[in-house]
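Please open the structure in the viewer and keep the sequence panel visible. The tour proceeds by selections, beginning with one helix and the charged pairs around it.

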Amino acid sequence: MQITPRQIEIFRWLLISGSATATAKALNTSQPTISRELKALEDQLRFKLFKRDKGRLLPTEEALELGEVVENSYVGFKHIVRAAEGIKNHGLEHIRVACLPAYAHALIPVVSRYMIEAMPNVRISVHSAEEQTLQQEFFTKRYNIVLVETSHMLGDGSVDILDVGNLVVVLPSGHPLCERQEIYPEDFNGVDFINFNFEDIYREKLDKVLTEKGITPRSQIETITAVGVCAMVQAGLGVSLINPLTAMAYHGQGVEVRRFSPAIPYRIEAKKLQHSLSSELTELFLCQVKAYLEVFQDQLRANDLL
């Protein structure tokens, strides 16, 4: 089937305008050329695309179905054009960041503001996914920097370990445990608890602490993201132990935050590509992350959470 891009362009404009005359004017050609190309396209497809009604072209059901595919392809093409324009206009001032959903929610927005203040023309692309997915995607080298909780990623790059604070307890506002400033493992005994799945490294650490103390929370709900945990806590379904970044983002929104003892340190691992064309930009981004974490730790201390 020898369908040409020109024929598809004409078909799309005929769908939009419903007129061969209007299409010819839009494409700077003649009406006979439009009619000839339309007939050639219909011959190739072996079905009619339009019916004539009082001088207008009415699309058939087949034309409407084909039009959806064409329009999707056209939108994709426009995206390619915009991306090319962006590359031309901004050069290498573009950083691609991959991270956990928790960081996309509670860390990256602030760091992005820092970056834009430092470099007004910078472009930041953020992709968030769970850690296992990010580890798999990292090998495609699509990202300049990947922020995760623990890094088992191999390949060409380096890892920076960033201290954030300690895991903290999140509770629904008005929960009996809100009366305490510091929460201990014994306080979870028989309490409704929102858990992460068994693959979460901090779930493993908490389970170890609770097992050693012989403590068994009542856990009916598990989820895979800290944001999901906080939504459950907001709904009054239980308490939990999560990273301080997400906890503080929800603090005061139906969620209370308390210190947990024994302290379980929380760290971010930043994986950088050594051969990234935007290596200097990556270093600047990482510096902005570190700068914000220093401010954030002061916030934790002010709230007696560190």
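Select Arg301 and Asp298 to begin: they stand three residues apart in helix α11, and are therefore separated by about one helical turn. An α-helix has 3.6 residues a turn, so residues three or four places apart point the same way. The two side chains meet in a salt bridge, with N to O at 3.1 Å; the term denotes a side-chain nitrogen of Lys or Arg within 4 Å of a carboxyl oxygen of Asp or Glu. Arg301 is partly exposed at 46% relative accessibility, and Asp298 is likewise partly exposed, at 47%. Here buried means under 20% relative accessible area, exposed over 50%, and partly exposed in between, with a 1.4 Å probe and protein chains only.

Before the next selection, note the basis of the description. This is a predicted model, in which local features need pLDDT of at least 70 and side-chain atom pairs count only at pLDDT 80 or more, while totals for chains, interfaces and linings use all residues. Residues are numbered from 1 along each chain as its sequence is written, and side-chain values use heavy atoms, with hydrogens and water left out.

**The whole chain**

Display the chain as a cartoon. Eleven helices and 13 strands are present; helices (H or I, at least four residues) and strands (E, at least two) are DSSP runs numbered from the N terminus. Of the 306 residues in the chain, 44% are buried. Contacts are heavy atoms within 4.5 Å; among those between residues at least 6 apart in sequence, 75% join residues at least 24 apart.

**Further salt bridges**

By the rule already given, the count comes to 16 salt bridges. Select Lys290 and Asp160, whose closest N and O atoms are 3.3 Å apart in a salt bridge. Lys290 belongs to helix α11 and Asp160 to strand β6 (residues 157–166), so this pair ties together parts that are 130 residues apart in sequence. Lys290 is partly exposed, with a relative accessible area of 35%, whereas Asp160 is buried at 17%. Add Lys272 and Glu283 to the selection: salt bridges that share partners join Asp160, Lys272, Glu283 and Lys290 into one network.

Next, select Arg12 and Glu71. Their salt bridge has its closest N and O atoms 3.0 Å apart. Arg12 lies in helix α1 (residues 5–17) and Glu71 in helix α4 (residues 61–90), so the pair ties together parts 59 residues apart in sequence. Arg12 is buried, with a relative accessible area of 13%; Glu71 is partly exposed at 31%.

**The nonpolar interior**

Which residues of the largest nonpolar core touch the most other members? Select Tyr103, Leu107, Leu147, Leu245 and Phe285, which do so among its 68 residues. Helix α11 (residues 279–302) supplies the largest share of this core, eight residues. A nonpolar core is a set of buried Ala, Val, Leu, Ile, Met, Phe, Trp, Tyr and Cys residues joined through side-chain atoms within 4.5 Å.

Centre the view on Leu147. Leaving aside residues up to four places away in sequence, Leu147 touches several residues, including Ala98, Cys99, Tyr103, Ile268 and Phe285. A second, separate core has 15 residues, among them Ile10, Leu14, Leu27 and Leu45.

Helix α6 (residues 108–118) is the next selection. Its buried residues are Ile108, Val110, Val111, Ser112, Tyr114 and Met115. These buried residues of α6 pack against β3 (94–99), α5 (101–106), β4 (123–128), β5 (145–148) and α11.

**Backbone exceptions**

Most residues other than glycine have a negative phi, and most peptide bonds are trans. Select Ser261 and Pro262: the peptide bond from Ser261 to Pro262 is cis, with omega near 10°. Pro262 is placed in the loop between β12 (255–260) and β13 (265–273).

Move to Arg46, a residue that is not a glycine yet has a positive phi of about 65°. Arg46 lies in the loop between α3 (31–45) and β1 (50–53) and is exposed, with a relative accessible area of 78%. Asp304 also has a positive phi, near 55°; its place is in the segment after α11, and Asp304 is partly exposed at 37%.

**Cysteines**

Finally, select Cys178 and Cys287. Cys178 is buried, with a relative accessible area of 15%, while Cys287 is partly exposed at 47%. A search of the whole structure finds zero disulfides, a disulfide being a pair of cysteine sulfur atoms within 2.5 Å.
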